[in-house]
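Reader: I'm a first-year student, and I would love a close look at one part of this model. Could you pick a region and walk me through how its pieces fit together?

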Amino acid sequence: MLKRTPLFEAHQKLGGKLIEFGGWEMPVQYTSIMDEHQAVRTAAGLFDISHMGEVVVSGPQAETFLNQTLTNDVRELAAGRGQYTLMCNERGGVIDDLYIFRLMRTEFLLIINASRINQDVEWMTQRVASGPYASDVKVTNASDRFGAVAVQGPRVKEFINGCIVGYSAGPTEVDQASDLQKNELGLFNFNRMVIYVARTGYTGEDGFEVFAPLQIVAIWNKLLEVGRPFGLNPCGLGARDTLRTEMCYPLYGQELDEHATPIEAGLGFFVALDKGDFVGRTVLAEQKEKGVSKKCVAFKMTDKSAPPRPHYGIWSTGADAKHIGGVVSGTQSPSLGIGIGMGYVPPQFAKPGTAIDIEIRGKRAPAVVVQKPIYRKPTRG
Amino acid sequence: MTNIPSDLKYAKSHEWVRVNGHTGVVGITDHAQHELTDVVFVELPAVGRQVKAGEACAVVESVKTASDIYSPVSGQIVEVNKAAVDNPALVNTEPYGGGWFYKIQLSNLAELNNLLSPESYKAQIGQ
């Protein structure tokens, strides 16, 4: 039986086409992926992300525990700030990628992938029980209590205060939601209930993510009401995937799994090797120093071709062409009008400008390795 | 409300064929294009290829997925629609007109009896 979010009926009413994702019944699109994608790039889009997991880690030793469990350095986080980070196993393989916010000195909110909630909670709980922290760290899986929405796009700042009314008293203190800076989180009131609002997202556009124990349906409806005049459209997982692929943001299960490390995935920026010991550090430090055997690259198709898809083969070019890797994400880019993707190849093929071929139904189509992100916002002026 | 022209025969897999003598024109239905959404790429069979009814012989790709297109009838491909290859959106905007896939010389007219009438197709898609 698939799980449903509190917004399930709202999706049905809006004519959303529902599919299975990570054990959840979620809308893949309402009208079309193209239209929803363009809405986010040019105006605004509203996503149900209630399937994502929320875990609260608290206690006097919470910071120490998290810094030994995650790759990025949580000590850098002032209260009210968030960072992207990864949770690795001893081999450096990725258990999950997540966003962590510091709510107060001894309390953190972790936003984790829907498909990884059980693994993450079990991993952290076991580490707490077997480590020196025991009674000083509490791991609480709050996933079933939270609904969540993401509202994304360049025009969101023009209407967000019409839904999230008033100030945040902390941890980031601002007069209005639109005053939050990137990666900042505040507690606001909505219908006299406390909700979390963060200036974060997964689309490459400006925007906010709202986490609320109750009231998520009312928040969704209010956002649609105040956002429609600014071009806000409800958006499904289809557009969420094309938007994040253009930005080269990883998706767990595609770019990331327990057999790939953050270094191999090109996420070394989020691995703080200098912060002291943490799970996976030995392997990651060695990879950083000696290099890796595979790297996750971004590519664009160079000729008119069918879009690349996950599991298609990647080939080198020329007389001695051979199979060198596989596509992990691939789609038609709605912004660029060509096929784009990411895949793992040996490091000698990872340099931007390297010609590669993608095997599409037995035929090889030309592509080129490009810098991440694949899509950059056109500069105005 | 989906468009189901009365002068066509339909396959359960959502293709249509318009028969004129021994020649058929094949495409996908309005319902199919609506379900696929935003067609971004069309791959058509080579002219001269012999296909059997039910054989996968073309591919239509939306943003999200690639879908096989099955020939509703057997025969030899005599022409393909280059306009749909150049402008795949025609499959969405004119599924029964400019978005056709290929013309086929029918090798077995009796097969047409295995296809669905407009009424049966309408019932199949629950309209």
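Author: Let's start with how an angle is read here: axes are lines fitted to C-alpha atoms, and angles run from 0 to 180 degrees between N-to-C directions. Keep in mind that this is a predicted model. With that, look at helix α4 of chain A, residues 117-130, which runs at about 165° to β8(A). Helix α4(A) lies across β4, β5, β6, β7 and β8 of chain A.

Those five strands form an open sheet, and reading across it in chain A gives the order β5-β6-β7-β4-β8, with antiparallel pairing. At the edges are β5 and β8 (138-141) of chain A, each of which pairs on one side only. From one strand to the next, the twist averages 30°. A second helix, α3 of chain A (residues 62-69), lies across β4 (53-58), β5 and β7 (107-112) of chain A. Its direction makes an angle of about 125° with β4(A).

Now zoom in on the edge strand β5(A). This strand spans residues 82-88, and 5 of its 7 residues are buried, so β5(A) is largely enclosed by the rest of the structure. Its partner is β6(A), residues 94-104; the two run antiparallel and are joined by 7 bridges. You can follow the pairing residue by residue: A:G82 stands opposite A:F101 of β6(A), while A:L86 has A:D97 as its bridge partner. Together β5(A) and β6(A) make a hairpin, with 5 residues between the strands. One residue of that turn, A:G92, has a positive phi of about 85°.

From the sheet, let's move on to another helix of chain A. In α2(A), 7 of the 10 residues are buried, which leaves the helix mostly covered. The buried ones are A:I33, A:M34, A:E36, A:H37, A:A39, A:V40 and A:R41. Their cover includes β2, β3 (44-48), β9 (147-152), β15 (232-235) and α7 of chain A.

The last of these, α7(A), deserves a closer look. Two packed helices are described by the angle between their axes and the distance between the axes. Here the axes of α2(A) and α7(A) come within 8 Å and cross at roughly 55°, which makes α2(A) oblique to α7(A). The crossing is right-handed. On the α2(A) side, the contact is made by A:I33, A:E36, A:H37 and A:V40; α7(A) contributes A:G238, A:A239, A:T242 and A:L243. Sorted by class, the residues of this contact are 4 nonpolar, 3 polar and 1 charged.

These two helices also appear where the chains meet. There, 13 residues of chain A are in contact with 10 residues of chain B. On the side of chain A that touches chain B, β2 (24-29), α2 (33-42), α7 (237-247) and β18 (323-332) each supply at least two residues. That side of chain A divides into 6 nonpolar residues, 6 polar and 1 charged.

Finally, a brief stop in chain B, at B:A58 in strand β6 (residues 56-62) of that chain. B:A58 counts as buried because 23 C-beta neighbours lie inside 10 Å, and the cut-off is 20 or more. Leaving aside residues up to four places away in sequence, B:A58 touches B:E43, B:L44, B:P45, B:I69 and B:F101.

How values were computed. Residues numbered from 1 in each chain as written. Chains lettered and ligands numbered in written order. Predicted model: local features only at pLDDT ≥ 70, side-chain atom pairs only at ≥ 80, totals over all residues. Contact = placed C-beta atoms within 7 Å. Helix = DSSP H or I, 4+ residues; strand = E, 2+ residues; numbered from the N terminus. Nonpolar A, V, L, I, M, F, W, Y, C, P; charged D, E, K, R; others polar. Parallel < 35°, antiparallel > 145°, perpendicular 65-115°, else oblique. Left-handed = near helix turned anticlockwise from the far one by under 90°. Buried ≥ 20, exposed ≤ 12 C-beta atoms within 10 Å, placed from the backbone. Pairing = 2+ DSSP bridges.
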